[in-house]
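Subject: The structure for you to look at

Dear colleague,

I am passing on the structure we spoke about, and I would be glad if you looked through it before reading my notes. Please keep it open beside this email, since the notes refer to places in it.

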Amino acid sequence: MRGVLELRAGTTDDVEEVVAVWRAAQGARGQRPAASRIARVVDKLTAPDALLVVGELEDDDGATQVAGFALGEPGRADDGTGDVEAELLHVTMLSVAPGAQRQGLGSALVEALADAAWPLGYRRLHVWTRTDNTPAHGLYEACGLELSGREQDLAGPVVQYVAELEPPVRDVVVTGQGLRLGQLLKLAGLVDTGAQAKELLAASGVQVDGEVELRRGRQLVDDEVVTARDQSVRLIVDAPPPT
Ligand SMILES: CC(C)(COP(=O)(O)OP(=O)(O)OC[C@H]1O[C@@H](n2cnc3c(N)ncnc32)[C@H](O)[C@@H]1OP(=O)(O)O)[C@@H](O)C(=O)NCCC(=O)NCCS
């Protein structure tokens with residue numbers, strides 16, 4: 001399999017392919033899930049509050065198929081037995097088909113899940129993984145998750161990774177020289193008027209690459225990320241062709 005073609009929200013139509021990916025990934029780790037476990041996975045995938053993202057890859061014949069998925073659900077207190085904890089996404093499953101691993105799909109799925117979670121009000125995520133699951137540890141660390149220090153025994157020792165979520169970054173493309181911060185705020189729809197921009201900046205409500213910026217006239221350059229009102233936009237400066 002080659003080339004990530006699409007990351008998208010999963011639907012109940014994807015369940016069969018998703019289960020096949022999960023079983024293949026489990027099989028590669030020497031695990032053969034029992035029918036009862038498979039049925040529980042289908043229940044999770046079809047739960048009304050399930051948050052599923054799938055990654056499709058193109059195979060050598062040009063056909064596309066689901067090659068990986070990530071599944072989140074509302075996090076609960078007391079290690080999953082208590083009430084739903086506001087703003088916490090529990091990442092309950094993540095699998096990439098054995099033939100599609102080590103191509104960046106797992107990390108892309110974690111990022112896509114985090115982006116899909118933000119507009120639903122999730123602000124933190126956590127995931128438990130086996131202490132000896134080296135690929136998963138590498139993946140979560142590569143995605144910026146951190147060990148919380150919590151451990152438990154779930155048919156074997158597991159550790160917890162956690163992360164604060166950030167607003168998804170949207171690209172805004174301009175041709176030429178870049179533009180000023182006040183202009184970008186309007187162009188990206190983060191404010192409607194110059195007066196609103198001034199007010200927002202004065203209230204320290206705008207960040208450029210994570211630092212509060214007060215100047216409306218700050219010249220922005222390619223790849224800078226502006227965050228305001230719970231949204232982030234990345235400026236892409238598309239230089240005009242030479243004349
Ligand atoms: C864990 C899993 C989802 C990773 O998927 P993936 O698509 O291979 O991950 P990526 O290609 O995005 O890898 C991202 C980073 O994770 C780390 N990583 C991934 N696989 C690794 C491995 N086998 N050994 C060491 N590090 C690994 C690396 O740092 C990698 O970056 P690099 O390729 O630039 O070195 C996949 O191995 C899998 O499906 N495993 C079985 C199911 C599972 O264990 N899921 C996690 C449950 S908590």
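What follows is an account of what was found, going from the whole protein to its parts.

Please bear in mind from the start that this is a predicted model. The protein has 243 residues, of which 26% count as buried, and along its principal axes the C-alpha trace spans about 60 × 50 × 30 Å. Seven helices and 14 strands are found in the protein. Among the contacts with a separation of 6 or more, 63% are between residues that stand 24 or more positions apart in the sequence.

The protein is divided into two domains, with domain 1 covering residues 2-164 and domain 2 covering residues 169-238. Their C-alpha centres lie 33 Å apart.

Next comes the nonpolar interior. The largest nonpolar core holds 36 residues, and those that touch the most other members are Val53, Phe69, Ala70, Leu109 and Leu113. Several elements each supply at least two residues of this core, namely helix H1 (15-28), strand E2 (51-58), strand E3 (64-76), and also E4, H4, E5 and H5. The element that gives the most is H4, with seven residues. If you would like one residue to follow by eye, take leucine 109, which, when residues up to four places away in sequence are not counted, touches Leu7, Val53, Gly55, Gly68, Phe69, Ala70 and Leu94. Another core lies apart from the largest one, and its 13 residues include Leu190, Leu201, Leu220 and Val233.

The surroundings of the ligand deserve a careful look as well. There are 21 residues around the ligand, and the ones that come nearest are Gln101, Gly106, Ser107, Pro135 and Gly138. Strand E4 (84-96), helix H4 (105-117), strand E5 (124-130) and helix H5 (134-142) each supply at least two residues of this shell, and the largest share, six residues, comes from H5. Sorted by class, the shell has nine nonpolar, ten polar and two charged residues.

Last, there is a sheet to trace. Five strands form an open sheet with mixed pairing, in the order E8-E14-E13-E10-E11. Strand E8 (169-175) and strand E11 (211-212) stand at the edges with a single partner strand each, so one side of each is left without a neighbour in the sheet. Inside the sheet, strand E10 (residues 206-208) and strand E13 (residues 225-228) run antiparallel and are joined by three bridges, and in one of the pairings valine 206 has alanine 228 of E13 as its bridge partner. Strand E13 is also joined to strand E14 (residues 231-238), again antiparallel, by four bridges, and here alanine 228 stands opposite glutamine 231 in E14. Strands E13 and E14 form a hairpin with two residues between them, and arginine 229, in the turn, has a positive phi of about 50 degrees.

With best wishes

Conventions: Residues numbered from 1 in each chain as written. Predicted model: local features only at pLDDT ≥ 70, side-chain atom pairs only at ≥ 80, totals over all residues. Pairing = 2+ DSSP bridges. Near = placed C-beta within 6 Å. Nonpolar A, V, L, I, M, F, W, Y, C, P; charged D, E, K, R; others polar. Domains from an automatic or database assignment. Core = buried A, V, L, I, M, F, W, Y, C linked by C-beta atoms within 7 Å. Buried ≥ 20, exposed ≤ 12 C-beta atoms within 10 Å, placed from the backbone. Contact = placed C-beta atoms within 7 Å.
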